[in-house]
Amino acid sequence: MANRPVGKGFHQLQPLLDDHSARHRDDRRGGLSRKADTADPNPFAERYPADRLRHQGRHRDAGRRSGRLSASSFRQQIGLRMQNSSDQFRIIQISDPHLGRRRPFFQHNWEVLVELLAAETYDLVVCTGDMSMEGAQFEAELAFAARQFKRIRGPIAFVPGNHDIGNSLPDVRGGETVITTARREAYLRHFGPDFWTRDIGSHWRLVGLNSMLPGSGLEGEAQQQVMVEEAAASAAGRRLMVFKHKPLYMGTPDETVLSQSALYPEHRNRLRDALSPASDALVCSGHIHDYKTATWQNLQQIWAPSTAFVIDRDGLQYPVHGIRRAGYLVHTLSGDGHVHAFVEPDRFLNIDVGNWMRAPESFHARYHTEPLRGLILAGDE
Ligand SMILES: [Fe+2]
């Protein structure tokens, strides 16, 4: 099948722990490998030949509408190579892979994703948080997740999720692992800066944010606020593309509930104000594990699905906000235009942790008390 978005050797599973050999073997661009043990502090240092890009979106600025493409239409379009794509930049947004050595519940989809991306063409991968399952509790789990990402050729940019760095303050659910200076420092050691900006060509400015810093009182909170205000104020015609873990809100921008699902109202409004000088910003998030688009003033929001699992597929306890299936997003920037596609790999499993969410102790208490049940990833130390 000429249009299938997979390459030669796709069927061959890379050894789980053979991180570096897998990276170099599949690195067909050259010069993309990162340092062995640290996240690349400047993942956008290189631009890559545009003729390697493929066109996957058929309508300009489809992000303003639903950008979803079915798996079959994605396959159909992925095979089309742009003839004149000198200013295109392709970003694969993955989110919430929830990797864990202690609890590798979702390793299957990760293995599929690693294979798919090895055969894929892109300029940048962005992961919008929850790279780990238990990184906020165990630094070794952050280290494991970071090693898993070395199996994907760079550049890769990260923003933290609550599972990586602890959740927002105040702790409205009670008993939750929350962000602290120590947890933040552990994150920085393994994934690099938790907030950042990078310009792409002359039309785009990417902004990565730590969703858990607002309200934390930590040193980085004010620094991040200054950064995002300056990034918007000095954009000078560039469109902003903001990546962060939590969405701005769940249902409507005027909702007042303090929910760990989205930014608290005070922080949501502060971010909107900071972004107001920029026209037509994209705000790309994860966290909810649903795919959805929404618009609030100048903010076009895109929720990425999780590559790992869904929460309460049938909406028995948690309302379904959009498409509740595992997948990832492909963003194509062309000039100041943007299209995106929702991709559902055929081999992804849609694991539903809804039962855990319905339990009185809930998912967030249960996942790290659930017995390991003999799951072992041999050889990974
Ligand atoms: Fe998540």
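Here are some short exercises on the structure above, each with a worked solution.

The model is predicted, so keep its limits at hand: local features need pLDDT of at least 70, side-chain atom pairs count only at pLDDT 80 or more, and totals for chains, interfaces and linings use all residues. Residues are numbered from 1 along each chain as its sequence is written.

**Exercise 1. The five-stranded sheet**

Find the order of the 5 strands that form an open sheet with β3 and β12 in it, and name its edges.

Start with the terms. Strands (E, at least two residues) and helices (H or I, at least four) are DSSP runs, numbered from the N terminus. Two strands pair if DSSP finds at least two bridges between them.

Next, read off the order: β3-β2-β1-β11-β12, with mixed pairing. The edge strands are β3 (156-158) and β12 (337-343), each of which pairs on one side only. Neighbouring strands here are turned by 20 degrees against each other on average, direction ignored; such angles run from 0 to 180 degrees between N-to-C directions, with axes being lines fitted to C-alpha atoms, for helices over the stretch in contact.

Finally, look at one pair. Strand β11 (residues 328-334) is joined to β12 by 7 bridges, and the two run antiparallel. Threonine 332 stands opposite valine 339 in β12.

**Exercise 2. The six-stranded sheet and its helix**

Work out how the 6 strands of the other open sheet are ordered, and which of them α7 touches.

The order is β4-β5-β6-β7-β9-β8, again with mixed pairing. At the edges are β4 (196-200) and β8 (292-296), each pairing on one side only.

Inside this sheet, β5 (residues 204-208) and β6 (residues 239-243) pair in the parallel sense over 5 bridges. Leucine 206 stands opposite methionine 241 in β6. Helix α7 packs on the sheet and touches β4, β5 and β6, and its direction makes about 170 degrees with that of β5. Contact here asks for C-beta atoms, placed from the backbone, within 7 Å.

**Exercise 3. Two helices and a proline**

Describe how α7 and α8 pack, then place proline 277.

Two packed helices are described by the angle between their axes and the distance between the axes. For α7 (residues 219-233) and α8 (residues 265-275), the axes come within 8 Å and cross at roughly 35 degrees. Gln225, Val228, Glu229 and Ala232 of α7 make the contact with Leu271, Ala274 and Leu275 of α8.

Now turn to proline 277, in the loop between α8 and β7 (281-285). Proline 277 touches Ala232 and Ala233, not counting residues up to four places away in sequence. Its C-alpha lies 8.7 Å from that of serine 234, although the two are 43 residues apart in sequence.

**Exercise 4. The two sides of α6**

Which residues of α6 (residues 181-191) are buried, and which are exposed?

Take the cut-offs to begin with: a residue is buried if 20 or more other C-beta atoms lie within 10 Å of its own, exposed if 12 or fewer, and partly exposed in between, with C-beta atoms placed from the backbone.

The buried set is Arg183, Arg184, Ala186, Tyr187, His190 and Phe191. They sit on the same side of α6 because they cover an arc of only 160 degrees around the axis, the arc being that of the directions from the helix axis to the C-beta atoms. On the other side, Thr181, Ala182 and Glu185 are exposed.

The cover over the buried residues of α6 includes α4 (139-149), β3, α5 (162-165) and α7. Just after α6, glycine 192 takes a positive phi of about 85 degrees.

**Exercise 5. Backbone exceptions**

Locate two cis peptide bonds and two residues other than glycine with a positive phi.

As a reminder, most residues other than glycine have a negative phi, and most peptide bonds are trans.

- Glycine 154 and proline 155 are joined by a cis bond with omega about 0 degrees; proline 155 is in the loop between α4 and β3.
- The bond from leucine 169 to proline 170 is also cis, omega being near 0 degrees, and proline 170 is in the loop between α5 and α6.
- Histidine 98 has a positive phi of about 50 degrees and lies in the loop between β1 (88-94) and α3 (107-118). Histidine 98 counts as buried because it has 30 C-beta neighbours inside 10 Å.
- Aspartate 312 has a phi near 65 degrees and lies in the loop between β10 (309-310) and β11. With 20 other C-beta atoms within 10 Å, aspartate 312 is buried.

Key:
Contact = placed C-beta atoms within 7 Å.
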